[in-house]
Amino acid sequence: MAIAKAERLMNLALCLLGTRRPLSKRELRGSIEAYLEAGNDESFNRMFERDKDDLRELGLVIETVENLEGEPGYLARRDSNRLPPVSLDAEEAAALGLAAKVWQQARLAGAASGALQKLRAGGMPEAGDPYEGQHSAIEPRIPVHEAAFEPLMLACRDRRPVVFDYRKSNAARPEPRQVEPWALECWRGHWYLAGYDRDRGAERVFRLSRITGKVRSRAGKYTAEVPDVVTVRETVASWAGEGGERSALLRLRAGAGYPLRAKATAVREGADGWDELEVPYGHGLDAWLVEFGPDVVVVEPADLRADVVDRLRAVARG
């Protein structure tokens, strides 16, 4: 039975860290069981080069030195791969504690809690909670209720294509989507997935609450280049209705729609129980306005008003 890649990488790292002299490929092949199982020299060489590159990408400093026979040898010196002591003051420790609480409802909760325990065992001060006694008013948490969050988070991490059924806000039924996931973003209390839609041949953003059924992984590599983090975040913001160059005029019921009021560039109080707001108009604003139901009315532009009406009719049809 083949040894898992993670175990093979760990064994290679231990060999390179534990030696005092450079080890040749031949010596490493004889020391690691997974390499002994390689069918031939070509298979071993490909496996070894990939493993060496993976370890370097993970941060292990591997040196290549010629041994006494003139062939290349490899080692990882401990002084080059030793982390400096972790030293945190009380404020930094408090910030890490709050950060760990943010993921309390998600899969990362265990990893965050374990990391804090290791830091405290290494001498990190036990910082008091600056929000202690105020949790009823302020809680540093990111809510994660969608079942799609965990499989999509893992797919983003492992760079694995996925398939899921997605219902657009103006559609009566969900449609299958083949997506190369890039990143997850929490925007105004909702989670979004940014990625490359293979069927449409372009980047798209999907709201997790509109994903129905299970998220299924697919084998194979990405076909599109993954943009950097900043670009993905800008894409999520744009598709969520932010950063619009135009302006929309809305009528909003008094005492309602506080997220819209926070986004507005101008607010004029009305005497008839309705206020007028000017809001930046970008892609996705129509989908957001539908969520406020009868509390918001689009005055202009006409195309935004028509989009909102179409979405409301689709919701009414079920």
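**Sheets, helices and buried residues in a predicted single-chain model**

Of the contacts (heavy atoms within 4.5 Å) in the protein chain between residues at least 6 apart in sequence, 56% join residues at least 24 apart. The model is predicted, so local features need pLDDT of at least 70 and side-chain atom pairs count only at pLDDT 80 or more, whereas totals for chains, interfaces and linings use all residues. Residues are numbered from 1 along each chain as its sequence is written, and side-chain values use heavy atoms, with hydrogens and water left out.

The protein chain contains eleven helices and eleven strands; these are DSSP runs, numbered from the N terminus, with helices being H or I of at least four residues and strands E of at least two. Of its 318 residues, 37% are buried. Buried denotes under 20% relative accessible area, exposed over 50%, and partly exposed the range in between, with a 1.4 Å probe and protein chains only. About 18,900 Å² of the protein chain is exposed, and carbon and sulfur atoms supply 51% of this area. Accessible areas come from the Shrake-Rupley method with a 1.4 Å probe, and for residues only the protein chains shown count as cover.

One open sheet consists of five strands in the order E6-E5-E4-E3-E7, with antiparallel pairing. Two strands are taken as paired if DSSP finds at least two bridges between them. Strand E6 (202-207) and strand E7 (211-217) are the edge strands, each pairing on one side only. On average, neighbouring strands of this sheet are turned by 40° against each other, direction ignored. Axes are lines fitted to C-alpha atoms, for helices over the stretch in contact, and angles run from 0 to 180 degrees between N-to-C directions.

Within the five-stranded sheet, the antiparallel strands E4 (residues 175-187) and E5 (residues 190-197) are joined by eight bridges. Trp-187 has His-190 of E5 as its bridge partner, and Leu-184 is bridged to Leu-193 of E5. Strands E3 and E4 also run antiparallel and are joined by five bridges; here Phe-164 has Arg-177 of E4 as its bridge partner.

Phe-164 belongs to strand E3 and is buried, at a relative accessible area of 0%. Leaving aside neighbours within four places in sequence, its contacts include Leu-152, Glu-175, Pro-176, Val-179, Leu-193, Phe-206, Ile-211 and Val-215. Phe-164 and Thr-212 are separated by 48 residues in sequence, and their C-alpha atoms are 7.2 Å apart. Arg-207, located in strand E6, is likewise buried, with a relative accessible area of 10%. Not counting residues up to four places away in sequence, Arg-207 touches Tyr-166, His-190, Trp-191, Tyr-192 and Glu-291.

Helix H7 (residues 149-158) lies across strand E3 (162-166), E4, E5 and E7, and runs at about 90° to E4. The buried residues of H7 include Phe-149, Leu-152, Met-153, Leu-154, Ala-155 and Cys-156. For Cys-156 the relative accessible area is 10%. Arg-159, which follows H7, has a positive phi near 55°. Cys-15 is partly exposed, at 22% relative accessibility. The structure holds zero disulfides, a disulfide being a pair of cysteine sulfur atoms within 2.5 Å.

Another open sheet is formed by four strands in the order E9-E10-E8-E11, with antiparallel pairing. Strand E9 (266-268) and strand E11 (296-300) stand at its edges, each with a single partner strand, so one side of each has no neighbour in the sheet. Neighbouring strands of this sheet are turned by 25° against each other on average, direction ignored. Eight bridges connect strand E8 (residues 246-253) with strand E10 (residues 274-281), and the two run antiparallel. The bridge partner of Leu-252 in E10 is Asp-275. Helix H11 (residues 302-317) lies across E8, E10 and E11, running at about 150° to E11.

Helix H1 (residues 5-18) packs with helix H4 (residues 41-57) at an angle of about 80°, with the axes 10 Å apart. H1 is therefore roughly perpendicular to H4; angles under 35 degrees count as roughly parallel, over 145 as roughly antiparallel, 65 to 115 as roughly perpendicular and the rest as oblique. On the H1 side the contact is made by Lys-5, Arg-8, Leu-9, Leu-12 and Ala-13, and on the H4 side by Met-47, Phe-48, Asp-51, Lys-52, Asp-54 and Leu-55.
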